[in-house]
Each structure stands twice: as structure tokens, then as C-alpha cells.
Amino acid sequence: QVQHVESGGGLVQAGGSLRLSCAASGRIFNINTMGWYRQAPGKQRELVATVTSGGTTTYADSVKGRFTISRDTAKNTAYLQMNSLKPEDTAVYYCNARSRVRGVSTDYWGQGTQVTVSS
């Protein structure tokens, strides 16, 4: 079964790129939206990007033009391509999968992966 975990984080210099991957659990059905959120130390978790099952994307203003979210629905997998990284992008990045069954929405979260941008 597909594990609901994130990978691809690490240390990168400003201006560099990273690609995050999130494989949601295969037991999660009816996933409407997958997304990436991030949380810096001492700060609230914030939305980075989301993608619906229909391919509609949403981005935080701070990452527009630099980050691209994509999704492989059949594999319950989401990706976040991060280009032109800035030090302020440093945070723990969390993958989210949101399902809706019988009118009830449920969020499933990954364990988080650290992204650190130097300089």
C-alpha cells in the first residue's frame, strides 16, 4: 500500500530547487484535494499550494511563479516543485490529503519534511 509520507526535503542554497513528494495512504478514498503546507518554528502552519482532483491549483502569494504543485490521482501522490528558493521558504513542509465521504471532510497529514534554504 502507498504510505502517507513526504520526501525530498533537505538543505539548499538560495536560488536552488527541491522537489517534494507525498504518497498518501492507499486506504484513503475519495481524496478531493491534496496540498502542501509549511510551518516555520514558532509560527502557524500556512498553506503553500493545493491541487484538486480536477487539476485546479491554488498557491500562496509568496510562492506564485516559483512553486508548482502536481498530482497523480491514481497513485494518491502529490508533488511540489520548488524553484528559486528563498531563505524565507525555510520550514517543515507537510502534505495534506482531504477526503469527503457522505458530506464529511477529513484531513490526513504526513509527518513533515524539513526544507532549509541558506543565505
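**Figure 1. The whole chain, with its confidence.** Averaged over the chain, pLDDT comes out at 92, and 97% of the residues reach 70 or more. Keep in mind that this is a predicted model. Confidence dips to its lowest in strand β1 (residues 5-7), with a mean of 86, and peaks in β6 at 98. You'll find eleven strands here and zero helices. Its C-alpha atoms fit a box of roughly 45 × 25 × 25 Å along the principal axes. The radius of gyration is 14 Å, which agrees with the value near 14 Å that a compact globule of 119 residues would have. Of those 119 residues, 39% count as buried, and the chain exposes about 6300 Å², with carbon and sulfur atoms supplying 47% of that area. As for contacts between residues at least 6 apart in sequence, 54% of them join residues at least 24 apart.

**Figure 2. Tyr37 and Trp109, an aromatic pair.** The chain has one aromatic pair. The ring centres of Tyr37 and Trp109 are 5.1 Å apart and the planes meet at 70°; planes over 60 degrees apart count as edge-to-face, so that's what this pair is. The two partners come from distant parts of the chain: Tyr37 belongs to strand β4 (residues 31-39) and Trp109 to strand β10 (residues 104-109), 72 residues apart. Their surroundings are worth a look too. Tyr37 counts as buried, at 14% relative accessibility, while Trp109 counts as partly exposed, at 34%.

**Figure 3. Arg45 over the rings of Tyr94 and Trp109.** Here's Trp109 again, this time with a charge for company. The charged end of Arg45 sits over the Trp109 ring, 4.5 Å from its centre. That charged end also sits over the ring of Tyr94, and there the distance to the ring centre is 3.9 Å.

**Figure 4. Ile31 and its contacts in strand β4.** Ile31 is part of strand β4 and is buried, with a relative accessible area of 9%. Skipping neighbours within four places in sequence, Ile31 touches Ala24, Ser53, Arg71, Asn76, Ala97, Arg98 and Ser99. Asp61 is another matter: from Ile31 to Asp61 is 30 residues in sequence and 25 Å in space, C-alpha to C-alpha.

**Figure 5. Arg66, a buried arginine in a loop.** Arg66 sits in the loop between β6 (57-59) and β7 (67-72). Is this arginine buried or exposed? At 9% relative accessibility, Arg66 counts as buried. What does Arg66 contact, leaving aside its neighbours within four places in sequence? The list runs Gln81, Met82, Asn83, Ser84, Leu85, Lys86 and Asp89.

**Figure 6. Asn76 and Arg102, two loop residues with positive phi.** Most residues other than glycine have a negative phi. Asn76 goes the other way, with phi near 50°, and so does Arg102, also near 50°. Both are in loops: Asn76 in the one between β7 and β8 (77-82), Arg102 in the one between β9 (91-101) and β10. Their exposure is where they part company. Asn76 is buried, with a relative accessible area of 13%, whereas Arg102 is exposed, at 79%. Asn76 also appears among the contacts of Ile31.

Methods:
Residues are numbered from 1 along each chain as its sequence is written. This is a predicted model: local features need pLDDT of at least 70, side-chain atom pairs count only at pLDDT 80 or more; totals for chains, interfaces and linings use all residues. Side-chain values use heavy atoms; hydrogens and water are left out. Rings of Phe, Tyr and Trp (its six-membered ring) pair if their centres lie within 6.5 Å; planes under 30 degrees apart count as stacked, over 60 as edge-to-face and the rest as tilted. Helices (H or I, at least four residues) and strands (E, at least two) are DSSP runs, numbered from the N terminus. Buried means under 20% relative accessible area, exposed over 50%, partly exposed in between (1.4 Å probe, protein chains only). A charge sits over a ring if NZ of Lys or CZ of Arg is within 6 Å of the ring centre and within 35 degrees of the ring normal. Contact means heavy atoms within 4.5 Å. pLDDT is the predictor's confidence in each residue, from 0 to 100. The radius of gyration is taken over C-alpha atoms; the globule rule is 2.2 Å times the number of residues to the power 0.38. Accessible areas come from the Shrake-Rupley method with a 1.4 Å probe; for residues, only the protein chains shown count as cover.
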